[in-house]
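Open the structure beside this text and keep the residue numbers switched on. The walk begins with one charged side chain and works outward from there.

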Amino acid sequence: NYKNKQGGIGEATLHANYTDKFGILRLIECGMDQTVRQRNLNTGGTASIIAVAVPHFMFNLNGGFDAQWQQAKTELNLAENLTSGNQRTWQLGANITPKFFLHYGQRFQWLIYMPVGFEYYTSTDGEWKYDKMFFSFKPYTNLTFKPSERLSFALTSTCEESMPAALSLMAQRRYIDYRTSISNPYQLEAKINRTIKTALSASYQSVLDMLFGGVTLTHAYSYNSLSNGYDVTDDIIKYIRLPYATSGNIWQGDQTFSKGFFKWNSKISESFTIGSSQNEFYVDDAMHRGRSNYLRANISFTASFARWITFETSNEFSLSKTFTDGIANGNAKHTFTNSTSFVIWPCKQLSLMPTVMYYYNDYSASYRNNTFLNCNIEYSLGNAILSLKCSNLLDCRIFRRYNDNGIIQYSSQYRLRGRTIMLGIRFSIK
């Protein structure tokens with residue numbers, strides 16, 4: 001940020017990042033061997049063309065650019081049948097952004113900015129090539145009102161745009177896991193996706209009383225220009241890209257509260273969320289609507305009962321009920337998670353950190369209850385710290401989690417490392 005001669009506050013930004021991911025999926029029993037590499041280069045910047053400031057009002061006109069390069073490269077050897085894909089995309093854009101800021105101190109603030117521009121997109125995968133130009137418009141507004149130092153209200157609305165990742169556009173069949181594959185056999189061209197999100201919130205804070213609370217109502221609407229359809233063949237879920245647009249809605253209410261106490265330097269926190277998520281899916285070329293109604297409640301407590309001991313616990317309960325085309329899918333399902341830990345200092349150099357974690361779900365008849373016990377011990381000796389880390393002392397070997405959106409129920413089973421004890425040493429150089 002900088003101040004010009006007219007008193008306006010100009011701004012200039014520049015960013016760049018690069019990621020490179022490589023993964024291997026191998027199942028010897030089925031003769032499957034797959035490698036996936038993803039590379040992504042993202043850069044962009046903005047600079048003020050006009051910056052004007054008068055009492056209670058600021059106006060900026062910024063110019064900007066963005067550039068993104070993606071490559072997804074796969075090789076799949078399935079029963080000695082070798083196939084490969086190499087999807088590359090470029091996205092180049094330029095925009096101007098009018099920015100308005102109306103303010104009366106901290107009591108009232110209204111910010112509006114509207115990036116408007118064009119994006120050029122090109123994609124290549126072997127002999128399959130195409131390019132296109134599209135209009136880009138991503139407005140944002142935030143209105144804040146603070147009638148007092150403790151109470152504030154805010155209204156935020158955003159419109160976001162995105163293009164599918166290069167890997168999801170690849171015509172070549174690719175396995176996501178051992179029983180799920182995805183492909184774009186019709187070589188459908190990329191189209192822009194949009195999300196509109198609005199949130200209304202009210203918050204209260206009293207720093208001296210260590211009291212904080214808030215309520216937020218949120219609605220999010222998403223529009224996907226391409227959809228994923230699926231069928232099941234030989235126990236393999238096969239997703240394919242379809243040229244049908246789908247939409248989704250999320251309605252959610254959140255409430256939070258926390259209170260700190262001087263006694264034991266303690267704090268109690270509580271949160272509650274209730275909402276409904278609705279999405280459209282294609283199964284065998286027929287569209288179905290899935291809905292999930294859910295609630296989550298969390299309460300946590302931390303305290304230092306003495307100089308030599310601290311305590312922390314967190315408990316979360318969740319409940320969900322799903323519907324397919326308006327018809328309920330059985331009874332509501334619930335989960336419960338608890339994490340409790342202590343830190344004990346028998347002497348200045350020695351610390352003990354036992355932790356207990358418990359997880360319960362009633363989605364299935366097996367592996368409903370999971371209990372994990374860990375304990376870390378550290379001893380300081382001059383510039384060195386000796387540590388003993390004991391993980392999974394109860395020797396749990398299987399852990400499952402579930403997700404249900406009304407159309408598809410996901411079950412993830414993890415094979416855990418058994419009881420593990422590790423001895424370590426760390427040195428600090430000053």
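Start at Arg194, which counts as partly exposed because its relative accessibility is 32%. This is a predicted model, and every number in this account was computed from it. Side chains of opposite charge can pair when their charged atoms come close. Arg194 has such a partner: it forms a salt bridge with Glu161, and the closest N and O atoms are 3.4 Å apart. The two residues belong to distant parts of the chain, with Glu161 in strand β11 (residues 151-162) and Arg194 in strand β14 (residues 193-206), 33 residues apart. Is Glu161 buried or exposed? Glu161 counts as buried, since its relative accessibility is 17% and the limit for buried is under 20%.

The structure holds nine salt bridges, and two others are worth finding. In one of them, the side chains of Glu378 and Arg426 meet, again with 3.4 Å from N to O. Glu378 sits in strand β25 (residues 369-381) and Arg426 in strand β29 (residues 420-427), so this pair ties together parts of the chain 48 residues apart in sequence. Glu378 is partly exposed, because its relative accessible area is 21%. Arg426 is partly exposed as well, at 40% relative accessibility. In the other salt bridge, the side chains of Arg397 and Asp395 meet at 3.0 Å, N to O. Arg397 is partly exposed at 48% relative accessibility, and Asp395 is partly exposed at 26%.

Return to Glu378 and look for Ser387. Ser387 lies in strand β26 (residues 384-391). Which residues does Ser387 touch, not counting those up to four places away in sequence? They are Ile377, Glu378, Met422, Leu423, Gly424 and Ile425. Ile377 and Glu378 fall within the range of β25, residues 369-381, and Met422 to Ile425 fall within that of β29, residues 420-427. Ser387 counts as buried, because its relative accessibility is 8%.

The cysteines come next. How many disulfides does a search of the whole structure find? The search finds zero. For Cys375 the reason is distance: the closest cysteine sulfur, in Cys390, is 5.8 Å from its own sulfur, so the two are too far apart for a bond. A disulfide would need the two sulfur atoms within 2.5 Å. Another cysteine, Cys159, is buried, with a relative accessible area of 17%.

Now move to strand β13, a short run covering residues 180-183. Its side chains alternate: Thr180 and Ile182 point one way, Ser181 and Ser183 point the other way, and all are buried. Strand β12 (residues 174-177) runs antiparallel to β13, and three bridges join them. In this pairing, Arg174 stands opposite Ile182. β12 and β13 form a hairpin, with two residues between them. β13 also pairs with strand β17 (residues 236-242), this time in the parallel sense, over four bridges. There, Thr180 stands opposite Ile237 of β17. β13 therefore pairs with one strand in the antiparallel sense and another in the parallel sense.

Next, turn to the surface. Trp90, Leu92, Phe118, Tyr120, Met133, Phe135 and Phe137 make a nonpolar surface patch of about 700 Å². Which strands each supply at least two residues of this patch? They are β6 (81-104), β8 (116-125) and β9 (128-137). β9 gives the most, with three residues. Met133 lies in β9, and it is exposed, because its relative accessible area of 56% is over the limit of 50%.

Finally, step back to the protein as a whole. Its secondary structure comes to one helix and 29 strands. The C-alpha trace spans about 70 × 65 × 55 Å along its principal axes. Of the 430 residues, 34% are buried. The accessible surface comes to about 25,700 Å², and 58% of this belongs to carbon and sulfur atoms. Among contacts with a separation of 6 or more, 55% are between residues 24 or more positions apart. The salt bridge between Glu161 and Arg194, 33 residues apart, is an example of a link between distant parts of the chain.

How values were computed
Residues numbered from 1 in each chain as written. Predicted model: local features only at pLDDT ≥ 70, side-chain atom pairs only at ≥ 80, totals over all residues. Heavy atoms only, no water. Patch = residues over 30% accessible without salt bridge, like charges linked within 9 Å, V, L, I, M, F, W, Y side chains within 5 Å. Areas by Shrake-Rupley, 256 points an atom, 1.4 Å probe, with all protein chains shown as cover. Salt bridge = Lys/Arg side-chain N within 4 Å of Asp/Glu carboxyl O. Buried < 20%, exposed > 50% of the residue type's maximum accessible area, 1.4 Å probe, protein only. Contact = heavy atoms within 4.5 Å.
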